[in-house]
Amino acid sequence: MTAATDLLNPGGAGSLTETRSASRLFWERFREDKAALIATAVIGLLILIAIFGGPIAARVTGHPDFEQYQNLMQDEFGLPKGPNSQFWFGADGEGRDLLVRTMYGARTSLIVGVVASGIAVLIALVVGLVAGYFRGFVDTSLSRIGDVTLAMPQLLM
């Protein structure tokens, strides 16, 4: 062996370097990041609450989603009372349990967020494909339209 070969392969002719795939490298680095693991656990918990939280809350509290408890949860002025041992989050103006309604609302919010993100990805995919295919003026125009759209305050849109 020459000196250059020894530098490239210090273990000799029989040693091989271990190659790792991109996904394996990702998981190795991801497991070391404690904040990422905690965030993943919190997101997973929120997804489980969104999927199973409504029926579980209704079963635990004994209050169905649309059941009204106006006599129990309103004061002498007709205003909803705050949280207590029966109604952990209190009740709304109609006398419905806010814990149960919050858990059912989490499912709706999750569905809306996933669908809206999917639509945004599809629109961006089509615009990116068109810009990449036609290049030149079309690419520049679509990029500038995207820049202007991102520069506008969301409240105006």
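**Rings, loops and a core**

Me: Phe26, Trp27 and Phe30 form one aromatic cluster. What should I keep in mind before looking closer?

Reply: This is a predicted model, so local features need pLDDT of at least 70 and side-chain atom pairs count only at pLDDT 80 or more, while totals for chains, interfaces and linings use all residues. Residues are numbered from 1 along each chain as its sequence is written, and side-chain values use heavy atoms, with hydrogens and water left out.

Me: Where in the chain is confidence lowest, and where is it highest?

Reply: pLDDT is the predictor's confidence in each residue, from 0 to 100. The mean is lowest in helix H1 (residues 3-8), at 54, and highest in helix H4 (residues 98-134), at 94. Helices here are DSSP runs of H or I with at least four residues, strands are runs of E with at least two, and both are numbered from the N terminus. The chain average is 86. Where pLDDT is low, don't read the predicted coordinates in detail.

Me: Why is the pair Phe26 and Trp27 called edge-to-face?

Reply: Rings of Phe, Tyr and Trp (its six-membered ring) pair if their centres lie within 6.5 Å; planes under 30 degrees apart are stacked, over 60 edge-to-face, and the rest tilted. A search of the whole structure turns up five aromatic pairs. For Phe26 and Trp27, the centres are 5.0 Å apart and the planes are at 70°, so edge-to-face it is.

Me: What makes Trp27 partly exposed?

Reply: Buried means under 20% relative accessible area, exposed means over 50%, and partly exposed is in between (1.4 Å probe, protein chains only). Trp27 comes in at 46%, so partly exposed fits. Phe26 gets that label too, because its value is 45%.

Me: How do you know that Tyr69 and Phe87 are edge-to-face?

Reply: Their ring centres are 5.4 Å apart and their planes are at 65°, so the pair is edge-to-face. Both residues sit in the loop between helix H3 (34-61) and H4, 18 residues apart. Tyr69 is buried, and Phe87 is too.

Me: Why is Leu72 called partly exposed?

Reply: Its relative accessible area is 44%, so it falls in the in-between range. Leu72 is in the loop between H3 and H4.

Me: What makes up the largest nonpolar core?

Reply: Such a core is a set of buried Ala, Val, Leu, Ile, Met, Phe, Trp, Tyr and Cys residues joined through side-chain atoms within 4.5 Å. The largest one has Ala57, Ala58, Leu99, Val100 and Met103. H4 gives the most to this core, with three residues.
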